[in-house]
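Welcome! Below are some short exercises, each with a solution worked out in steps. Have a look at the structure, then try each task before reading on.

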Amino acid sequence: MRVRSGQRALVRVVNASATLEHTVAPAGDTVQVIALGGNPVAASQPVPGLRLAQGERADAIGEMKNPGVSIFGETNPTQRATGARCANSIIIEPGKDGNRGAINGKSYPPTDDILLHKGRRNRLVFDNHGPMDHPVHLHRHTFEITRLVGERCVRVFKDVVLVPARTSVEADILENNPGPALFQCHQQFHMDFRFMALMHYAE
Ligand SMILES: [Cu+2]
């Protein structure tokens with residue numbers, strides 16, 4: 001959602017899953033539940049998110065204190081990665097055979113391409129399992145950092161982001177510059193030792 005400061009947004013959320021509970025929340029803001037299952041609630045309070053079981057519905061009003069593009073999405077990273085939102089998990093590990101980095105288990109080439117979905121904001125989750133810091137960079141695109149080592153961030157735009165050793169960083173990216181783009185570590189020795197991959201746009 002693109003929001004202005006002080007703007008109020010009404011969201012109506014249905015958990016249409018037959019098997020999963022979901023907790024959905026706006027990034028950095030609270031929401032006020034006004035109805036549950038279509039019935040008005042008597043006492044409404046601000047809450048950080050909505051936990052909805054299978055078939056539950058909620059109407060809520062959010063007061064947007066953080067202007068810009070606000071994500072309203074699943075808070076559980078595992079569920080987000082399975083499609084509750086558009087997320088790419090990028091696991092960074094030491095490479096094999098003397099290479100400095102592996103991306104999802106492979107060093108360039110032959111790494112698997114990172115796929116972004118057209119017309120959507122895509123979340124990249126950089127999960128650094130290794131002992132070295134990596135300043136990662138994606139050519140021709142800008143990251144909006146959404147979580148830095150456990151801390152939520154809003155309106156932080158960069159094109160190089162440090163993923164410290166044994167931590168994770170999450171960033172959203174708007175695919176607005178078509179064509180293959182190189183994803184790499186900006187530490188030259190790491191790139192020389194094959195820490196890179198190509199990013200493509202999925203149809
Ligand atoms: Cu590196």
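Two strands count as paired if DSSP finds at least two bridges between them. Please keep in mind that this is a predicted model.

**Exercise 1. Find how strand 2 and strand 8 pair, and say how well strand 2 is covered.**

Step 1: Locate strand 2 at residues 8-14 and strand 8 at residues 57-63.
Step 2: Seven bridges link the two strands, and the sense is antiparallel.
Step 3: For one of these bridges, start at Val11; its partner in strand 8 is Ala60.
Step 4: Now check the cover. A residue is buried if 20 or more other C-beta atoms lie within 10 Å of its own. Among the seven residues of strand 2, the count of buried ones is zero, so the strand is hardly covered.

**Exercise 2. Work out which strands stand at the edges of the open five-stranded sheet.**

Step 1: Write down the strand order, 13-21-20-15-18; the pairing is mixed.
Step 2: Read off the two ends: strand 13 (114-117) and strand 18 (160-163) each have a single partner strand, so one side of each has no neighbour in the sheet.
Step 3: Going from one strand to the next, the twist averages 25 degrees.
Step 4: Look inside the sheet at strand 15 (residues 134-138) and strand 20 (residues 181-185), which pair in the antiparallel sense over three bridges. Here Val136 has Cys185 in strand 20 as its bridge partner.

**Exercise 3. Describe the largest nonpolar core and the surroundings of Phe183.**

Step 1: This core holds 24 residues, and Phe126 and Phe183 have the most contacts inside it.
Step 2: Leaving out residues up to four places away in sequence, Phe183 touches Ile114, Val136, Leu138, Met196, Ala197 and Met199.
Step 3: Apart from the largest core lies another, of six residues, including Val24, Val31, Leu50 and Leu52.
Step 4: As background, nonpolar side chains in soluble globular proteins tend to be buried together.

**Exercise 4. Compare the backbone and surroundings of Arg166 and Arg194.**

Step 1: Most residues other than glycine have a negative phi.
Step 2: Arg166 has a positive phi, near 55 degrees, and lies in the loop between strand 18 and strand 19 (168-174).
Step 3: Arg194 also has a positive phi, of about 75 degrees; its loop runs between helix 2 (188-192) and strand 21 (196-202).
Step 4: Count neighbours. Arg166 has 13 other C-beta atoms within 10 Å, so it is partly exposed, whereas Arg194 has 22 and is therefore buried.

Conventions:
Residues are numbered from 1 along each chain as its sequence is written. This is a predicted model: local features need pLDDT of at least 70, side-chain atom pairs count only at pLDDT 80 or more; totals for chains, interfaces and linings use all residues. A residue is buried if 20 or more other C-beta atoms lie within 10 Å of its own, exposed if 12 or fewer, and partly exposed in between; C-beta atoms are placed from the backbone. Helices (H or I, at least four residues) and strands (E, at least two) are DSSP runs, numbered from the N terminus. A nonpolar core is a set of buried Ala, Val, Leu, Ile, Met, Phe, Trp, Tyr and Cys residues joined through C-beta atoms within 7 Å. Two residues are in contact if their C-beta atoms, placed from the backbone, lie within 7 Å. Axes are lines fitted to C-alpha atoms, for helices over the stretch in contact, and angles run from 0 to 180 degrees between N-to-C directions.
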